[in-house]
Amino acid sequence: MISLLRSSATVQQMAMGTPIFLIIGAIGVAVLVLALISGDLLQFGQPDFDGPVSTEAVAGFASAFGFGGAIASELLDARTSGMVALAVAGGVLAAVPTAWVAARLGRAARNMPTDPTPTRTMSSVPSAVSSRRCPWTATAKCGSRSPVRR
């Protein structure tokens, strides 16, 4: 049985640069996960300055470069340095638009307008309640204790 499997199964070897590209892609994914978990701890540059390179862009570039290069390396069967260079070009071709989109999405998420958080203090409650008409009583304003006249 084992000899039958050995004779019928062909094991294709991985191209030379594919494991390196896969490791680069995995590092990019790890940077992205760390950035999502830790927030701005991995920000490149000064924290108060929105620099030219965001963590999302670096993670997107590294991931797409690694995985795109691995795909190109396998498709080209890159066994020579010239073919590995073409795989690198394929990785860069995949990485640049991915990093641009990641940077745009990250900027859009950071600059998204949101409604202010509603806060309520005890001093503002009576004035807010008394300025409206009371829908459940016949009095003119809520908060007045005059009896309901019919």
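Contact here means heavy atoms within 4.5 Å, and helices (H or I, at least four residues) are DSSP runs, numbered from the N terminus. The model is predicted, so local features need pLDDT of at least 70 and side-chain atom pairs count only at pLDDT 80 or more, while totals for chains, interfaces and linings use all residues. Residues are numbered from 1 along each chain as its sequence is written, and side-chain values use heavy atoms, with hydrogens and water left out.

Helix 2 takes in residues 18-38. Its 21 residues should span 30 Å at 1.5 Å a residue (1.5 Å times one less than the number of residues), and the end C-alpha atoms are indeed 30 Å apart. Buried (under 20% relative accessible area, with exposed over 50% and partly exposed in between, 1.4 Å probe, protein chains only) in this helix are Thr 18, Phe 21, Gly 25, Gly 28 and Ala 35. They lie on the same side of helix 2, because they cover an arc of only 115° around the axis, taken from the directions from the helix axis to the C-beta atoms. Ile 20, Ile 23 and Ile 37 are exposed on the other side. The cover over the buried residues of helix 2 includes helix 3 (55-76) and helix 4 (81-110).

Helix 4 has 30 residues and reaches 42 Å from first C-alpha to last, close to the expected 44 Å. Its buried residues include Val 84, Gly 91 and Gly 106, and the buried residues of helix 4 pack against helix 2 and helix 3.

The count of salt bridges (a side-chain nitrogen of Lys or Arg within 4 Å of a carboxyl oxygen of Asp or Glu) comes to 1. Asp 77 and Arg 79 form a salt bridge at 3.2 Å, N to O. Asp 77 is partly exposed at 38% relative accessible area, and Arg 79 is partly exposed at 40%.

Conventions:
Helices (H or I, at least four residues) and strands (E, at least two) are DSSP runs, numbered from the N terminus.
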